[in-house]
Amino acid sequence: MQSTEDFRYEDYEETARWILDRIQSPPVIAIICGTGLGILADTLPEGKTFDYSQIPHFPRSTVVGHSGQLVFGTLEGKSCVFMKGRFHVYEGYPLWKVILPIRVFKLLGVKILIVTNAAGSLCETYRPGDLMIIRDHINMPGLAALNPLRGPNDERFGPRFPSLSNTYDHNLRCTALDIAHKLGHEDFTHEGVYCMVGGPNFESVAEARFLRRLGADAVGMSTAPEVVVAKHCGMRVFGLSLITNRVAQGYELQESVNHEGVLEVGKQRSQVLQDLITGLVKSIDLKEEEQQEPE
Ligand code: HPA
């Protein structure tokens, strides 16, 4: 079986080349559509779509609500790639497969990664349907050495010991908050800390209390590995959680969560997310981007 060590730079290049041979203009922005949020990709008027199964070395998506396609096209005049369906650790994927698309995006020329996800609220004031701009994350699997950067480091992607300060780009967060205000979404848009857990079970009450005490505002089963790898290779990152449920932190509460409920909230809020992401993409000045010094 292949491991990170066996998957070489040249393999990422092979996948990138396959894609570049088939698209008109290389993407500068990559957008990962979280659970139930694949509809975001439908904003692209004339997207070129590839099923994951067509793309060399790409894993397949196995979760209901994740369709498993890369969609390339232009949004607000910027060349973008949408990932409809991501790969989760709970599906059984090794981390190198979870993050494979990010390194391929890097080789395609992507400068900015926008990640969306569905998450449960640990914060008293968040309600299902609210948005949380991710200020920072707690990577629970990563703290326990389930980190995508574990193993030999390829300096062509980034340094052995990358910093995670300002991982969720300050300017992009401020711009997104501004846009949320302008759209009249301020009452249900927050900024907070996302905690990644391995899943696939939702959290026990004791676990939810524990995560809250650690400083997490929302919890989900994705995002941190992709973000760590994006930051490692010098991308700017923006993250947005759609709060789909509250996570019970008391034994007397009858709150219960299921995957169908998560998908339903995703469907109800897809337009709101679409408007915010579209506004953010519109606001990005790519000339400024080119002038930014790589860290
Ligand atoms: N916990 C973990 N992941 C999730 C949740 C949750 O409550 N809701 C949506 N994804």
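How far does a polar side-chain atom of Glu203 lie from a nitrogen atom of the ligand? The distance is 2.7 Å, as computed from a predicted model. The close-up views below begin with this contact.

**View 1. Polar contacts between the ligand and Glu203, Asn245 and Gly120.** A ligand nitrogen has a polar atom of the Glu203 side chain 2.7 Å away. From the side chain of Asn245, an N or O atom lies 2.7 Å from a nitrogen atom of the ligand. Gly120 takes part through its backbone, where a polar atom is 3.4 Å from a ligand nitrogen. On its own the ligand has 260 Å² of accessible area, and the protein covers 95% of it.

**View 2. The shell of residues around the ligand.** Ala118, Ala119 and Gly120 belong to the shell, as do Phe202 and Glu203. Val219, Gly220 and Met221 are also found around the ligand, together with Thr244, Asn245, Val247 and Val262. Sorted by class, seven shell residues are nonpolar, four are polar and one is charged. The ligand occupies the second largest pocket.

**View 3. Strands that contribute to the ligand shell.** At least two shell residues come from each of strand E5 (112–121), strand E8 (218–220) and strand E9 (236–246). E5 gives the largest share, with three residues.

**View 4. Ser121 in strand E5.** Ser121 counts as buried because its relative accessibility is 2%, where buried means under 20%. A polar atom of the Ser121 side chain is 2.9 Å from the backbone oxygen of Cys123.

**View 5. Leu242 in strand E9.** With a relative accessible area of 1%, Leu242 is buried. Thr189 is 53 residues from Leu242 along the chain, and the C-alpha atoms of the two residues are 9.5 Å apart.

**View 6. Helix H7, residues 224–232.** Nine of the nine residues of H7 are buried, so the helix is largely enclosed by the rest of the structure. The buried residues include Ala224, Pro225, Val227, Val228, Val229 and Ala230. Glu226, Lys231 and His232 are also among the buried residues of H7. After H7 comes Gly234, which has a positive phi, near 90°.

Key
Residues numbered from 1 in each chain as written. Predicted model: local features only at pLDDT ≥ 70, side-chain atom pairs only at ≥ 80, totals over all residues. Heavy atoms only, no water. Near = heavy atom within 4 Å. Polar contact = N/O pair within 3.5 Å; in protein donor to acceptor, adjacent residues only side chain to side chain. Areas by Shrake-Rupley, 256 points an atom, 1.4 Å probe, with all protein chains shown as cover. 1 Å grid on protein atoms, 1.4 Å probe; cavity = no way out; pocket = protein on both sides within 12 Å on 5 of 7 lines; lining within 4 Å. Sits in = over half its atoms within 2 Å of the grid points. Helix = DSSP H or I, 4+ residues; strand = E, 2+ residues; numbered from the N terminus. Nonpolar A, V, L, I, M, F, W, Y, C, P; charged D, E, K, R; others polar. Buried < 20%, exposed > 50% of the residue type's maximum accessible area, 1.4 Å probe, protein only.
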